[in-house]
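Visitor: I should like to learn how to read a structural model in a systematic manner. Could we proceed feature by feature?

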Amino acid sequence: MQTIQLKKFGSVLVSRPAGLEAFNAVRPQLNPDVPIQIDFDQVLTVTPSWLDEFLTQLTDYNGGKVELIPTKNASVLATLPVLAAARKDFVSATVLRAIERMRE
Amino acid sequence: MTNEKKVRIGEAAKLLGVSVQTLRNWEKSGKLRPERSEGKQRFYVLKDLNNFTLDLKMLGLAWATSAIPPNLPSEYYCERPDRFTSRVAKMGTELQKSGEISEDLVSLVTLIAGEIGDNSFAHNLGNWPEIPGIFYAYNITKRIIVLADRGRGVKITLQQVRPNLTTDVEALNVAFTEIVSGRNPEKRGNGLKVVRNIAESKEIGLLFRSGIGLVTIPLHPGRMEIKMTDGNVPGTYAIIQF
């Protein structure tokens, strides 16, 4: 398992282009065959646009082997249900698994 | 917070969301004069700061609607998205440090401001009718954030993917309730739905105008309303209260 700590990109993550930029920055360090987990620790806010773009790029890159580490971050918790409803692809599957785990 | 409380220039700058240098410039021009202690040190009375910022809403509305846009202090104008992004991050940090609102509320208010401001850039990229960029101002003491752009507005943006949209009210309804994107065929554009869910369920109020359409969500948890209003906002205009 590889872990991406989102705090490396800042504490406030806004906009789709910035989400793409973050993915491009981290991609050279990723092995597409190894599952990835995303850590929201010490991030204040992630906007839906940033998270949608970042997850879309990441799940496209490794065929959906992406998990979100359970978090209490309010912006993430507000965004996930809408992302899950909006998408019918790897992103949706990743988000639904995370929501399920956080319910446990 | 007592209104008679006195603060130094650094604290005053933070509360107003401007730089110390801007406060010095405002002092020189007479726009906002501090008082002086016996030791000649500058200080600002909170009450004066509150009064001074009463017009953030009006200034934002003037930016959104005037034929000739008003001159803005540079702190209130973000010409490009990167400037906006860094200012939103700064606001988030300042809100956290103020210690006046919970971490969760800071996270959500920052999300709403970030998403609405970023939409202005994303939806007008390469299509700004005249002046690019957005008005973005906040006042932590008064718990208010104002955003405005002189872009194309929600209806024209959405008509690219929903050519049958005819009214601003209809367009706002789609923007805040349906998953759609003005940048089809990408299946994207759910930010304003998240904004609505948050504002409806938390202690966050929202006023959002575009064209002659008006969206309101009360400060205390409650349902969104969309209706027609007087006056046309060609781009968008938003007030967030918390």
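Guide: The discussion below moves from confidence to the chains and then to single residues.

Visitor: How should confidence be read, and where is it lowest and highest in chain A?

Guide: This is a predicted model. As a general rule, predicted coordinates should not be read in detail where pLDDT is low. For chain A the average pLDDT is 94, and 100% of the residues score at least 70. The lowest confidence in chain A falls in helix 4 (residues 90-103), with a mean of 91, while the highest is in strand 3 (residues 36-39), at 98.

Visitor: How many helices and strands does chain A contain, and what pattern do they follow along the sequence?

Guide: One counts the elements, then reads their order. Chain A holds four helices and five strands, arranged as β-β-α-β-β-α-β-α-α along the sequence. In chain B there are nine helices and eight strands.

Visitor: What does the radius of gyration say about each chain?

Guide: The idea is to set the value against that of a compact globule with the given number of residues. For the 104 residues of chain A, such a globule would have a radius of gyration near 13 Å, and the 12 Å of chain A agrees with this. For the 242 residues of chain B, the expectation is near 18 Å, and the value of 19 Å agrees as well. The extents along the principal axes complement this: the C-alpha trace of chain A spans about 30 × 25 × 20 Å, and the C-alpha atoms of chain B fill a box of roughly 65 × 35 × 30 Å.

Visitor: What share of the residues is buried in chain A and in chain B?

Guide: Burial is read from relative accessible area, with under 20% as the cut-off. In chain A, 55% of the 104 residues count as buried; in chain B, 51% of the 242 residues do. The accessible surface of chain A comes to about 4400 Å², 52% of it belonging to carbon and sulfur atoms. For chain B the surface is about 11200 Å², with 50% from carbon and sulfur.

Visitor: What share of the contacts joins residues at least 24 apart in sequence?

Guide: The contacts considered are those between residues at least 6 apart in sequence. Among these, 82% in chain A join residues at least 24 apart, and 57% do so in chain B.

Visitor: How far apart are the mean positions of the positive and negative charges?

Guide: One compares the two mean positions within each chain. In chain A, those of the 11 positive and 11 negative charges are 2 Å apart. In chain B, those of the 33 positive and 26 negative charges are 3 Å apart.

Visitor: Turning to single residues, is A:Thr47 buried or exposed?

Guide: A:Thr47 is buried, because its relative accessible area is 1%. This residue sits in the loop between strand 4 (45-46) and helix 2 (48-62) of chain A. Apart from neighbours within four places in sequence, its contacts include A:Leu13, A:Val14 and A:Ser15, together with B:Leu111, B:Gly114 and B:Glu115.

Visitor: Is B:Asp230 buried or exposed?

Guide: B:Asp230 is exposed, because its relative accessible area is 70%. B:Asp230 belongs to strand 8 (residues 225-241) of chain B. Its C-alpha atom is separated by 9.2 Å from that of B:Leu214, 16 residues away along the chain.

Visitor: What covers the buried residues of helix 8 of chain B?

Guide: One lists the buried residues, then the elements that cover them. In helix 8 (residues 168-177) of chain B, the buried residues are B:Asp168, B:Ala171, B:Leu172, B:Val174, B:Ala175 and B:Phe176. Their cover includes helix 7 (153-159), helix 9 (191-201), strand 7 (205-217) and strand 8 of chain B.

Note on methods: Residues numbered from 1 in each chain as written. Chains lettered and ligands numbered in written order. Predicted model: local features only at pLDDT ≥ 70, side-chain atom pairs only at ≥ 80, totals over all residues. Heavy atoms only, no water. pLDDT = per-residue confidence, 0-100. Helix = DSSP H or I, 4+ residues; strand = E, 2+ residues; numbered from the N terminus. Rg over C-alpha atoms; globule rule 2.2 N^0.38 Å. Buried < 20%, exposed > 50% of the residue type's maximum accessible area, 1.4 Å probe, protein only. Contact = heavy atoms within 4.5 Å. Areas by Shrake-Rupley, 256 points an atom, 1.4 Å probe, with all protein chains shown as cover. Lys, Arg positive; Asp, Glu negative; His and termini not counted. Charge placed at Lys NZ, Arg CZ, Asp CG, Glu CD.
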